[in-house]
Amino acid sequence: MKVYVNYNDARWRKYKIDFDKIANAAAIDVAPDAEVSIILTNDDEIHKLNREYRNIDKPTNVLSFELGDDILLGDIYISIDTVQREADAERISVAEHAAHMVVHGMLHLQGYDHIKNHDADVMEAKEVEILNKLNIKNPYVQDSAVCSDLSCCPGGRFFAWLQRHKIRVDGVWQYIIMAVLGGIAALGFAPFNMWWATLLAIAAVYKLCIRVQQKSGIWRAFLRVLPFSAVYAIAMFWWVTHSIYVVPELAAQFAVWTVPALIGIGLVGGIIFAIPFVTISCMCTFPECRPFLFAAVWTLVLWLREWLFTGFPWNPIANIFMPMPAIANSMALWGALGLSFVTTGLIAACVELLSNRKNKCIWFVFLGFVLLMLVGGMYGKYNCDVARDEKNATPVIRIVQPALTQDKKMAHTHDDAVRAAMQNINAMVGLAAAPGNPDLVVFPETAYPFTIVENDKLPIATMLGKSTIIGATSYMNGNLYNSMIVASPDGKIQNIYNKSHLVPFGEYRPFGDIIPTPGILTAGNGAEIISVDGIRFAPAICYEIIFSDSLVPDEKSPDVIINITNDTWFGNTPGTYQHLDMVRRYAIESGLPIVRANYSGISAFVLSDGGVLSQMPVGYAGYMDGIVYGAHVTPYRLIGRDGWMIIILAVACMCTVLAYTAQKRE
């Protein structure tokens, strides 16, 4: 075998090491005319390589790059800095440790690895055998593994830790680790945006679930994953309990429900998010089929969350990609359902591949999900370009963000109610009447402090002399509604849109009087299109924006969505930032820009690619003028949420059958 040695760092030359001899000693069943390159470098260069090719931001002792060719085996990089440090720490010579690095790298080039315990034992035994022939002592007698951080093996560090540590099935550590992974998985969403944490956590839970080869009972499988799914749900949704403490009067009445609410979130979320993992644990499927099953069930659960118990499809896993516009905009093609399917399928395929790398069928499954991700990314890039077309821009719209605290907004005595209400109105008019010439002024949800009844006028519009949109409570036909009021410059009310997706326990009582509820409202009639001053918009109040297919009537194409909301109840918690991401998701799926007026922030102008043109932060009282553009019809809006669910299930079933057939043939 030919060995080519490159001295990228001159410090290596003072060590008289026969790299040719060492590399040939480590060549097992290698062709005589095979070639290998050994690059003797330093921490700076190997750090750059490690960061670029392994996504690990630090140097390591040795890196191996296998070319997959019988003649050109590959390259081995060895750092003089790390080798010297490790040799000093282990009290051995640099020459001996460098020899170990060469042997270790050569074995990697020949297909050996140390990801799984058994493979690690085989590889270490080979190293000891080869080094013994070179009269070099066993390097493992001091328990000093070559790449103890596993950074020289792509994708190995995290999963190797789980496999090397003996986590007993149904042992205490399994449940502790599951709970910790649940908290980590929630970090992928706003405001943390640690998308990689969500991917790794779900991959780790998937691995822990499939490691039991025999068929598991449903209850046992459920109890195994419950710590993950319950903590995952609480970590994502705990902020809803923040609303209890915003107003002292409400806190006095509802604080006792805080712990029961968190327990309820954990139990309901624990059941919902456990379903995909329980499915793969209980069904005896081949590794080639499991990724499709896991992804299909995960997506089905997300679809069910759109309407089950009035619906709460908050934080689909697709939302972790908001920092990556091209991938996030694949939702214009297949929605959050499709991106969630591809993401979870790719996670599962990666785990299966790490455990069964010699299985050709799994490689095809993995590459299939990679191809889907690439196709989605390519369409996403196209959608970004379409969304940035500034034709058909809206007239100038002014968003007013009052940012009054909730207690000042509503918690006052009866005698002072009118005076406080007028003070609030004057404060909002002062912001709205700032210099500039907007065509339309948009105030947030519940900004108008008086109840609207039939034949009322809106004095704020008259005071401003502008077309005005504002949130208020309306009373019609004996019912109270959470409404969006649209008024002309003379104060005449032109349209009243009533919220149709009400918040359970906040706006209506799903269980009657069993659990007390602050508000008892009536639901509106659903999606509609409203025209004001040449703007055709779809109205949305609060979290109606999180429901796919909910805002745009069939065969209608508005210019924009106007979303008014009041996140004052949730303060500066993750929920406020996640709500904005849900708005951005809807913009991508529908192909419609969104004007969002939030009482306490975050108010924003959002383009149809989910990009935020401008925004006002939480707690800031002010106004913001802007225009939006780029409205277009996306494939997702044409096919619809339910249509895509059918397509996803059909693809998953077809691919499962193909994978099963291919496995049986082997």
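# A tour by selection

Begin by selecting Ile 541: the bridge partner of Ile 541 in β13 is Ile 564. The model on screen is predicted.

**Stop 1: the strands around Ile 541**

Extend the selection to residues 535-541, which form strand β12, and to residues 560-565, which form strand β13. These two strands pair in the parallel sense, over 5 bridges. Next, add the rest of the sheet. Its 6 strands come in the order β11-β12-β13-β14-β15-β16; the sheet is open, and the pairing is mixed. Color β11 (530-532) and β16 (612-616) separately: these stand at the edges with a single partner strand each, so one side of each has no neighbour in the sheet. On average, and with direction ignored, neighbouring strands of this sheet are turned by 20° against each other.

Which helix lies across β13, β14, β15 and β16? Select residues 574-590 to show helix α19. To see what α19 lies across, keep β13 and β16 displayed and add β14 (594-598) and β15 (603-606). Helix α19 runs at about 160° to β14.

**Stop 2: the sheet of β1 to β4**

Move to the other end of the numbering and select residues 72-79, strand β4. Is β4 largely enclosed or left open? Of its 8 residues, 6 are buried, so β4 is largely enclosed by the rest of the structure.

Now bring in the partners of β4. Residues 35-41 make up strand β2, which pairs with β4 in the parallel sense over 7 bridges. To pick out one of these positions, select Ile 38, whose bridge partner in β4 is Ile 76. Residues 62-66 make up strand β3, which runs antiparallel to β4 and is joined to β4 by 5 bridges. Two positions can be labeled here: Leu 63 stands opposite Tyr 77 in β4, and Glu 66 has Gly 74 in β4 as its bridge partner.

Follow the chain from β3 into β4. There are 5 residues between the strands of this hairpin. Select Gly 68 in the hairpin and check its backbone: phi is positive, near 70°.

Zoom out to the whole sheet, which is open, has 4 strands in the order β1-β2-β4-β3 and shows mixed pairing. Its edge strands, β1 (2-7) and β3, pair on one side only. From one strand to the next, the twist averages 15°.

Two helices can then be added to the view. Helix α2 (residues 43-54) packs on the sheet, where α2 touches β2, β3 and β4. The direction of α2 makes about 50° with that of β3. Helix α4 (residues 94-109) lies across β2, β3 and β4, and its run is at about 150° to β4.

**Stop 3: two prolines**

Select Pro 323, which sits in the loop between α12 (290-304) and α13 (325-328). Pro 323 has a relative accessible area of 43%, so this residue counts as partly exposed. Draw a distance from the C-alpha of Pro 323 to that of Gly 182: the two are 22 Å apart in space and 141 residues apart in sequence.

Next select Pro 635, in helix α20 (residues 635-639). Is Pro 635 buried or exposed? Its relative accessible area is 19%, and buried means under 20%, so Pro 635 is buried. Leaving aside residues up to four places away in sequence, Pro 635 touches Ala 332, Leu 333, Tyr 379 and Trp 644; show their side chains. From Pro 635 to Ala 190 the separation is 445 residues in sequence and 26 Å in space, C-alpha to C-alpha.

**Stop 4: the whole protein**

Clear the selection and display everything. The protein has 21 helices and 17 strands. Along the principal axes, the C-alpha atoms fill a box of roughly 95 × 55 × 45 Å. Of the 666 residues, 54% are buried. Among contacts between residues at least 6 apart in sequence, 68% join residues at least 24 apart.

Switch to a surface view. The accessible surface comes to about 28,800 Å², and carbon and sulfur atoms account for 59% of it. Last, color by charge: there are 51 positive and 60 negative side chains, and the centres of the two sets lie 4 Å apart.

Note on methods: Residues numbered from 1 in each chain as written. Predicted model: local features only at pLDDT ≥ 70, side-chain atom pairs only at ≥ 80, totals over all residues. Heavy atoms only, no water. Pairing = 2+ DSSP bridges. Axes fitted to C-alpha atoms, helices over the stretch in contact; angles between N-to-C directions. Contact = heavy atoms within 4.5 Å. Buried < 20%, exposed > 50% of the residue type's maximum accessible area, 1.4 Å probe, protein only. Areas by Shrake-Rupley, 256 points an atom, 1.4 Å probe, with all protein chains shown as cover. Lys, Arg positive; Asp, Glu negative; His and termini not counted. Charge placed at Lys NZ, Arg CZ, Asp CG, Glu CD.
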